Amino acid sequence: FFTDSEDVNIIDEEDGVFRGGLAACRDFDTLYIEYLVVDPAFRGRGIGSALIREAERIAAQKGVRKIRLMTYSFQAPEFYARLGFRTEFTVKKAMGEYDEYHFVREV
């Protein structure tokens, strides 16, 4: 079985305090963002955007052409739209009352 993949993990810490992190997996020419989390005490400071930019930088170095992610309606999908991700498709009420959004962005 042939595979060309690797994990990409980015942590944002200041003075040993976790502020946010991003977990992704590169599979061939696509980076799949699995998790993006920012501690509520540090939200609104650009940490999430900085984590995405760092993921994009790493992706470009590795020859990635697309970044994909999935999020729910309660997880601020408008954040990804502001960063230039476009909605590929939406699954209505995928988890209870919440919609599921699938985003993609060319690198």
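In strand 4, L69 is the bridge partner of I33. This pairing belongs to a predicted model. Strand 3 and strand 4 run in the parallel sense and pair over four bridges. Elsewhere along the two strands, T30 stands opposite K66 in strand 4. The connection between them passes through helix 1, and the resulting β-α-β crossover from strand 3 to strand 4 is right-handed.

Strand 3 also pairs with strand 2. Here the sense is antiparallel, and the pairing extends over eight bridges. G20 faces V38 of strand 3 in this pairing. The two strands form a hairpin with two residues between them. In that hairpin F28 adopts a positive phi near 55°.

Strand 4 has a further pairing, with strand 6. These two strands are antiparallel and share seven bridges. Opposite Y72 stands E100 of strand 6.

The pairing of strands leads to the question of what lies at the core. The largest nonpolar core holds 22 residues. I10, L22, L31, I33, I52, Y80 and F85 touch the most other members. Several elements each supply at least two residues: strand 1 (5-14), strand 2 (17-27), strand 3 (30-38), helix 1 (47-61), strand 4 (66-72), helix 2 (77-82) and strand 6 (98-106). Helix 1 gives the largest share, with six residues. In soluble globular proteins, nonpolar side chains tend to be buried together.

I33 shows how such a core residue is surrounded. Beyond its neighbours within four places in sequence, I33 contacts L22, A23, A24, I52, I67, R68 and L69. Two of these partners, L22 and I52, are listed with I33 among the core members that touch the most others. The bridge partner L69 is also among the contacts of I33.

Aromatic rings form a second theme. Six aromatic pairs are present in the structure. In one of them, Y72 and F74 are stacked, because their ring centres lie 5.8 Å apart and their planes meet at 5°. The two residues differ in exposure. Y72 is buried, at 16% relative accessibility. F74 is partly exposed, with a relative accessible area of 45%. F74 also pairs with Y98. Their ring centres are 4.6 Å apart and their planes stand at 65°, so this pair is edge-to-face. F74 lies in the loop between strand 4 and helix 2, whereas Y98 lies in strand 6, so the pair ties together parts that are 24 residues apart in sequence. Y98 is partly exposed, with a relative accessible area of 31%.

Ring pairs also link F79, Y80, F85, Y101 and F103 into a cluster. Two of its members, Y80 and F85, are among the core residues that touch the most other members. Another member, F79, is found in helix 2. F79 counts as buried, at 16% relative accessibility. Not counting residues up to four places away in sequence, F79 touches L36, G48, S49 and I52. The C-alpha atoms of F79 and D99 are separated by 15 Å, and the two residues are 20 apart along the chain.

On strand 6, H102 offers a polar example. H102 is buried, with a relative accessible area of 17%, a value under the 20% limit. The side chains of H102 and E100 are joined by a polar contact of 2.7 Å. E100 is the residue that stands opposite Y72. Leaving aside neighbours within four places in sequence, H102 is in contact with L69, M70, R86, T87, E88 and F89. L69 thus appears both here and as the bridge partner of I33.

D7 presents the opposite case in exposure. D7 is found in strand 1. At 57% relative accessibility, D7 counts as exposed. D7 touches A24 and C25, with residues up to four places away in sequence not counted. A24 is also one of the contacts of I33. D7 and H102 are 95 residues apart along the chain, and their C-alpha atoms are separated by 20 Å.

Definitions and conventions
Residues numbered from 1 in each chain as written. Predicted model: local features only at pLDDT ≥ 70, side-chain atom pairs only at ≥ 80, totals over all residues. Heavy atoms only, no water. Core = buried A, V, L, I, M, F, W, Y, C linked by side-chain atoms within 4.5 Å. Buried < 20%, exposed > 50% of the residue type's maximum accessible area, 1.4 Å probe, protein only. Contact = heavy atoms within 4.5 Å. Pairing = 2+ DSSP bridges. Right-handed = clockwise from strand over helix to strand, strands pointing away. Polar contact = N/O pair within 3.5 Å; in protein donor to acceptor, adjacent residues only side chain to side chain. Phe/Tyr/Trp six-rings, centres within 6.5 Å; stacked < 30°, edge-to-face > 60°.
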